[in-house]
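Please describe how the helices pack against each other in this model, and then characterise the main pocket and the residues around it.

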Amino acid sequence: MEIEFDNYSVAPIHHKDAWRLCDFVVSNSERLKDYFPNTLKANLTPTLAELFVDQKVKEFQNNEEYLFIVKENTNRTIIALVYLKELQKMPQQAEFAYCVSYRYERQGLTTKIISKLSDWAFTDAGLDTLQIIVHKDNIASIKVAEKNSFVFKKTLEREHRVSNGDWVDMELYERYAS
């Protein structure tokens, strides 16, 4: 399965992605530290990245968690990661979590990626409910949710702990299969 649009491709994580994933994580470490700390820690070296990728490939194959890699097609650089996670909490429900390289932000790519993967999640993965959980100050991510027909549901108090140890409230957005 691979989705292509413009000069980009979205595909499930693959064993060959480990080195590029390490490069992505290291070059975007400041962006990842608060909301993707486990991904950051697990990919700081190529060896760690290989172990991480092996685990995520298995989880994808077992329908436990889906991790997609977004690449720029010309040089095959990883420009974004998109998780569909929390698949076991509620039947037919999952949460999107995504991060885009600082070099590719503010270009509308995340909106397109979430659109394509929402279609895949409803059609191919058989999900009924998709969620995006975002901090209220992350205006770009709120716009991604809204442009993809996700609707604000509620504030989740003390939902996430950031790198300095503080608990922050997060906003829950949901979209349902038509």
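In this predicted model, helices H1 and H4 cross with a right-handed sense. The axes of H1, which spans residues 18-27, and H4, which spans residues 46-61, approach each other within 8 Å and make an angle of roughly 115°. Because angles of 65 to 115 degrees count as roughly perpendicular, H1 is described as roughly perpendicular to H4. On the side of H1, the contact involves Ala 18, Trp 19, Leu 21 and Cys 22, while H4 contributes Pro 46, Ala 49, Glu 50, Phe 52 and Val 53. Sorted by class, this contact consists of eight nonpolar residues and one charged residue, with no polar ones.

Turning to empty space, the largest pocket has a volume of about 1400 Å³. It is lined by 47 residues, of which Tyr 35, Phe 36, Tyr 98, Asn 138 and Ser 141 are the closest to the centre of the pocket. Among the contributors to this lining, strand S5, covering residues 93-100, gives the most, with seven residues.

The table sets out the lining of the largest pocket by residue class.

| Class of lining residue | Number in the largest pocket |
|---|---|
| Nonpolar | 20 residues |
| Polar | 13 residues |
| Charged | 14 residues |

The lining of the largest pocket thus includes 13 polar and 14 charged residues beside its 20 nonpolar ones, whereas the contact of H1 with H4 has no polar residues and one charged residue.

Methods:
Residues numbered from 1 in each chain as written. Predicted model: local features only at pLDDT ≥ 70, side-chain atom pairs only at ≥ 80, totals over all residues. Heavy atoms only, no water. 1 Å grid on protein atoms, 1.4 Å probe; cavity = no way out; pocket = protein on both sides within 12 Å on 5 of 7 lines; lining within 4 Å. Points joined across faces, edges and corners; volume = space filled by probe spheres on them. Helix = DSSP H or I, 4+ residues; strand = E, 2+ residues; numbered from the N terminus. Nonpolar A, V, L, I, M, F, W, Y, C, P; charged D, E, K, R; others polar. Axes fitted to C-alpha atoms, helices over the stretch in contact; angles between N-to-C directions. Parallel < 35°, antiparallel > 145°, perpendicular 65-115°, else oblique. Left-handed = near helix turned anticlockwise from the far one by under 90°. Contact = heavy atoms within 4.5 Å.
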